Structures are given as C-alpha cells and as structure tokens.
Amino acid sequence: MKEPKARFVLAEATLAEVNKQLKLNMLVMVAVVFVLFMNIMKFMAEKSVLYAVLAVIMICLLFFIQKARGILILKKQELTHK
C-alpha cells in the first residue's frame, strides 16, 4: 500500500520546508509576472476586454502571492531565531 503524500502544513514546517516553499513561491511569482506582462502587451495592442480582465486577475494573484510570501518569511524568521 502506498502511504499518502504529506501536505505542507506551515505550523509544523521545518526550516528546509519553508525555504523550499519560498523558492517555489518565487518561481510562481516570476511566472505570474511574465503572464501579466504578456497580457498587458496584448491589451495595449488589441484593446480587448479579455486581456484587461486577465491583467486584473494576475494583479490580484500577485497580491495574494506576496501575502503568502510575507507569511513564509515570518515563519522562516521565527524558525531561525529559536
């Protein structure tokens, strides 16, 4: 029988797991910024409402990703000062 894969739980995370999540967070942030940039360029070229809506969604995603990054950094500081 396969044992289920453990999920990331911030309250029980080790320093290594938090660092891994911070790297993953940065990768996702770079990808979202790239897609946002491409959507803005398409919107400027075509003046399409679809690309404007996609750009707004990407900006909202960036906001939530940045909030999650802040929480991860706080957890990292907590783990390093113990």
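Which residues lie nearest the centre of the largest pocket? I took this up at the outset, noting that the model is predicted.

**Entry 1: the pocket.** I looked up the lining of the largest pocket and found 10 residues. Ala6, Arg7, Phe8, Glu17 and Gln21 are the ones nearest the centre. I recorded a volume of about 260 Å³ for this pocket. I then sorted the lining by class, which gave 4 nonpolar, 1 polar and 5 charged residues.

**Entry 2: the helix pair.** I turned next to helix α1, residues 15–46, and helix α2, residues 49–80. Their axes come within 9 Å, and I noted a crossing angle of roughly 160°. How are α1 and α2 oriented to each other, roughly parallel or roughly antiparallel? The cut-off for the antiparallel class is an angle over 145 degrees; α1 and α2 are therefore roughly antiparallel. I also checked the hand of the crossing and entered it as left-handed. The contact of α1 with α2 comprises 25 nonpolar, 6 polar and 5 charged residues.

**Entry 3: the loop.** Where does Lys47 lie? I located Lys47 in the loop between α1 and α2. Its backbone merited a separate note: phi of Lys47 is near 50°, a positive value in a residue that is not glycine. I then asked whether Lys47 is buried or exposed. Residues over 50% relative accessible area count as exposed, and Lys47, at 62% relative accessibility, is therefore classed as exposed.

**Entry 4: Val35.** I placed Val35 in helix α1. Its relative accessible area is 35%, so I entered Val35 as partly exposed. I next looked up the separation of Val35 from Met58. The two residues are 23 positions apart in sequence, and their C-alpha atoms are 7.7 Å apart in space.

**Entry 5: Glu78.** I found Glu78 in helix α2. With a relative accessible area of 40%, Glu78 is partly exposed. How far apart are the C-alpha atoms of Glu78 and Lys20? I recorded a separation of 16 Å for this pair, whose members stand 58 residues apart along the chain.

**Entry 6: review.** I reread the entries on the helix pair and the loop together. The left-handed crossing of α1 and α2 is entered alongside their roughly antiparallel arrangement, and Lys47 is entered in the loop between these helices. For the pocket, I kept the volume of about 260 Å³ beside the lining of 10 residues.

Conventions:
Residues are numbered from 1 along each chain as its sequence is written. This is a predicted model: local features need pLDDT of at least 70, side-chain atom pairs count only at pLDDT 80 or more; totals for chains, interfaces and linings use all residues. Side-chain values use heavy atoms; hydrogens and water are left out. Axes are lines fitted to C-alpha atoms, for helices over the stretch in contact, and angles run from 0 to 180 degrees between N-to-C directions. Helices (H or I, at least four residues) and strands (E, at least two) are DSSP runs, numbered from the N terminus. Angles under 35 degrees count as roughly parallel, over 145 as roughly antiparallel, 65 to 115 as roughly perpendicular and the rest as oblique. A crossing is left-handed if the near helix is turned anticlockwise from the far one by less than a right angle, and right-handed if clockwise. Ala, Val, Leu, Ile, Met, Phe, Trp, Tyr, Cys and Pro count as nonpolar, Asp, Glu, Lys and Arg as charged, and the others, Gly among them, as polar. On a 1 Å grid over the protein atoms alone, a cavity is a set of points where a 1.4 Å probe fits but cannot get out, and a pocket is an open set with protein on both sides within 12 Å along at least five of seven lines; lining residues have an atom within 4 Å of a point. Grid points are joined across faces, edges and corners, and a volume is the space filled by probe spheres set on the points. Buried means under 20% relative accessible area, exposed over 50%, partly exposed in between (1.4 Å probe, protein chains only).
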